[in-house]
Amino acid sequence: MSARRTVIRGGLVVGTEGRTALQDVLIEDGRILAIDNPGFDVSEDAEILSAADRMLMPGLISAHTHSHGGLNRGAVDDKVSLEMFLTGQGSSTRSRGVDDKYLSAALSAAEMIRRGCTACFDLTVEFPGPSREGIAAVARAHHDAGMRAVVAPMIADRTIYQALPGLLEALPVELRSQYASLSAAPMEATFSACDDILANWEFDRRWIRPALGPTIPLHCSDPFLIRCAQLSHEHGIQLQTHLAESRAQAAIGLKRYGKSLVAHLEEIGFLSERVSAAHAIWLDDDDIARLSQSGVGVSHNPSSNLRLGSGVAPVRKMLRSGVTVGVGTDASNTSDGQNMFEVTRLASYLSRIDGFATDEWISAHEAFHLATEGSAAVLGFDKIGRLAPGYEADIVFLRLDRPHFVPLRSPLIQMVFGESGASVQTVMIGGRIVFHDGTLLTLDEPSLRRQAQEAAERLDRADAGAYATAATVARLVGAFCAAQGCTGHTLPRKLSLACEG
């Protein structure tokens, strides 16, 4: 069977180091074979695509998201902190069937592709615990959309009430017994399901890979985390956890372990080059050095960090220490979208809030690198995130007739700081066009919209009681965690005003 070839003619190609040049791109069997000056000869059977007046860039890659948030868009209230959100998280997924899990992931995938994102690390939660059928449904949604994904069941063996010492005692007496009786899925049942998922993975790992997501270190016992690390080693899979996302997590970690969360994870042998940490805000210099020495990657999620008031990650310090950093959107309910252009811009802009030390700022080129090659490394993919021979042909075509590109002087800066996704004309993944001229070619979006509205109304009715109870307790949990954060940790990671007075 002859190789399938496509040549893209005359696009403004974003190459290494962020340089741009008018070039042609030759693709063979879904991978880039050559990039050269316009007009080079190709075989007569090659399909020719014009990229005149288009910028060609590698697909953006989300290093951290939760596809279960797709069906929960609009369900998270305005002034909600991380721990307040976590109190009600189970309420949002407890009534979902396998079709709902597929639908939510399909919604997230559709938005990512529309916004020029071609791969993601998806931590997805199921209630009461993970299942092969549920994780397969999520993986199938990404597959059907035509994008790449690492799909991980999000797992733990402690509830938030067991994870945070003193929380139960801080609740009113009439509520304590009710929340003390709650429990996570038993550890053996969880790992039996994970073994089943890993042993029966049905998807091509060039596209969709399995992983595990021990949700938050405080929510996982040491034996649980150690078992995750063992499975990662045995199966050669990635792990991702939410590390030091809030000031309360960092403070309570010190109280529980007598050392930082990172130091504790190192002590029990959890840290490795197969581990990535989402958020990683409340870290000191020693923590960052430990992550670097262990080869742990980080997903910087600036949008949800701002939405939930969690803080600002010390990205420049991480990069200076040699930590691999990617960029993620987080979930559609806690960052209100899957727009990688937006979070890439924020990754640069947030580095500038300290003032005039311009050498410390994350440049447009650096932010773009984080959102492409940095995120690819977090996912564990080594041939995505760059337009170069030998790499996968995951290519986004941007229209250069949009206002933020007129006049065109600094294409990369104008893209990173001005693009919203509105200029995306075509998205190619693995040499296959999956989006063109406003239409997703792989999923039926009008049908998804109808199904999503029907599912949201049905699930909201089914979970109304659980939501109401969680909303009441969330305020108490938020107050408890705010007090813990103010009294138990000294790092000045921006959000200090709430602790003054």
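Select Glu-266 to begin: at 30% relative accessibility this residue counts as partly exposed, a class that lies between buried (under 20% relative accessible area) and exposed (over 50%), computed with a 1.4 Å probe on protein chains only. What you have open is a predicted model, in which local features need pLDDT of at least 70 and side-chain atom pairs count only at pLDDT 80 or more, while totals for chains, interfaces and linings use all residues. Residues are numbered from 1 along each chain as its sequence is written, and side-chain values use heavy atoms, with hydrogens and water left out.

Now add Arg-290, which forms a salt bridge with Glu-266, the closest N and O atoms being 2.1 Å apart; the term stands for a side-chain nitrogen of Lys or Arg within 4 Å of a carboxyl oxygen of Asp or Glu. This pair links distant parts of the chain, with Arg-290 in helix H11 (residues 285-294) and Glu-266 in helix H10 (residues 261-267), 24 residues apart. Helices (H or I, at least four residues) and strands (E, at least two) are DSSP runs, numbered from the N terminus.

Select Glu-267 next, whose side chain meets that of Lys-259 in a salt bridge with an N to O distance of 3.5 Å. Glu-267 counts as exposed at 55% relative accessibility, whereas Lys-259, at 26%, is partly exposed.

Then go to Arg-5 and Glu-28, whose side chains form a salt bridge at 2.6 Å, N to O. Arg-5 lies in strand S1 (residues 5-14) and Glu-28 in strand S2 (residues 20-28), so this pair ties together parts that are 23 residues apart in sequence. Both ends are partly exposed, Arg-5 with a relative accessible area of 28% and Glu-28 at 24%. The structure holds 24 salt bridges, and a network of them, worth selecting as a group, links Arg-31, Arg-148, Arg-206, Glu-392 and Asp-394.

For the interior, select Phe-270 and Met-415, the residues with the most contacts inside the largest nonpolar core, which has 120 residues. Such a core is a set of buried Ala, Val, Leu, Ile, Met, Phe, Trp, Tyr and Cys residues joined through side-chain atoms within 4.5 Å. Helix H2 (residues 98-114) gives the most to this core, with eight residues.

Stay with Met-415 and display its contacts (heavy atoms within 4.5 Å): leaving aside neighbours within four places in sequence, they include Met-55, Phe-341 and Phe-368. Met-415 is one of the buried residues of helix H16 (residues 411-418), and the buried residues of H16 pack against S1, S2, strand S5 (54-58), H14, H15 and strand S14 (395-399).

Helices H14 (residues 340-349) and H15 (residues 364-379) can be selected together, since they pack at an angle of about 130° with their axes 9 Å apart; axes are lines fitted to C-alpha atoms, for helices over the stretch in contact, and angles run from 0 to 180 degrees between N-to-C directions. H14 and H15 are therefore oblique to each other, the class left once angles under 35 degrees (roughly parallel), over 145 (roughly antiparallel) and 65 to 115 (roughly perpendicular) are set aside.

Finish with the backbone, where a cis peptide bond joins Phe-127 and Pro-128, with omega about 5°. Ala-244 has a positive phi of about 50° although it is not a glycine, and at 1% relative accessibility Ala-244 counts as buried.
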